[in-house]
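Got the viewer open? Let's take a walk through the aromatic side chains, one selection at a time.

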Amino acid sequence: MAASPMFPLGSVLFPGVAIPLRVFEPRYLTMVGRLLDEDEPGFEFGVVLIERGSEAGGGDQRASVGTMARLVSAAAGADDLLIVGVGTHRFRVERWVEENPYPRAELTMLPELEWSEALAPLRVEAEAIVRRVIARVAEPDADAGIELSDDPVAAVWQLAAIAPLGEYDRYTLLRSTTIGGLLRQLIDLTLEAEELWSAG
C-alpha cells in the first residue's frame, strides 16, 4: 500500500468543498513542490483534523478519518505558497509512516454515501435549519445565501461545511456512514449550536 502525502490541519475538509491553505513550513513546501512536479494532473493529498496539539512542528494527535484534496491552484508568495484544494474522497488512516520529510500515511478509501429520493424532505428541513441559524448567529456576509450543488450528495456536504459548527462537530459529520444519518446529525448539531448561542 503506497503512502499518501498528508496535511494535518486544525479544520475538517468535506468532499466537494474547497479549502485555501497558506503553506510556509519547509516540509509542506517540499510536499507541494513534489505534487506540482507530478507528471499527471489531479495530484492529491490527505487532510486530517488535528485533535490535539499544534499544526506547526509535529507532535500532534490526528484524527483517523479524513478527506483527500485535489490541488487545483498554487501561487507563490514572498516566503510561502497559497494553494487551494478541493475535497474528493473520504478515507480512513490505516497507518502513519515515517515523516520524511513530510507526514505520510497508508489509507483505505471509504465508500461514497448514496442518495435516496426518500431523503429529499429531510434535506429540505436540514437546509432550512442551517440557513436560518447562519442568519441568526453569523456575520452579515456569511454563507446563508450560498447556492448549493445540483448533486444532492455534494449539496449535503456543502450544507455541513457552511453550518455554524465547531470542528469536532464537523468531524462527527465527516464520519457519517449514510446520508440519512449525516442529515439527522447535521440538524441536531445545528439546533444545539443555536441553543448555545441563544443561551449565551
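What follows is a short tour of ring pairs and one charge over a ring.

Keep in mind that this is a predicted model. A search of the whole structure turns up three aromatic pairs, and we'll stop at two of them in turn.

Start by selecting Phe 7 and Phe 45. Their rings make a tilted pair, 6.1 Å centre to centre with 50° between the planes. Now colour by secondary structure: Phe 7 is in strand S1 (residues 3-9) and Phe 45 is in strand S3 (residues 44-52), so this pair links distant parts of the chain, 38 residues apart. Switch on a surface and check both rings. Phe 7 has 5% relative accessibility and so counts as buried; Phe 45, at 0%, counts as buried too.

Next, hop over to Phe 14 and Trp 157. How do these rings sit, with their centres 5.4 Å apart? The planes are at 25°, under the 30 degrees cut-off, so the pair is stacked. Zoom out a little to see where the partners come from. Phe 14 is in the loop between S1 and strand S2 (18-23), while Trp 157 belongs to helix H3 (residues 152-162), so the pair ties together parts 143 residues apart in sequence. Both Phe 14 and Trp 157 are buried.

Go back to Phe 7 and Phe 45, and add Tyr 28 to the selection: these three residues form one aromatic cluster.

Last stop: pick Arg 62 and Trp 96. Arg 62 lies over the face of Trp 96, 4.4 Å from the ring centre.

Conventions: Residues are numbered from 1 along each chain as its sequence is written. This is a predicted model: local features need pLDDT of at least 70, side-chain atom pairs count only at pLDDT 80 or more; totals for chains, interfaces and linings use all residues. Side-chain values use heavy atoms; hydrogens and water are left out. Rings of Phe, Tyr and Trp (its six-membered ring) pair if their centres lie within 6.5 Å; planes under 30 degrees apart count as stacked, over 60 as edge-to-face and the rest as tilted. Helices (H or I, at least four residues) and strands (E, at least two) are DSSP runs, numbered from the N terminus. Buried means under 20% relative accessible area, exposed over 50%, partly exposed in between (1.4 Å probe, protein chains only). A charge sits over a ring if NZ of Lys or CZ of Arg is within 6 Å of the ring centre and within 35 degrees of the ring normal.
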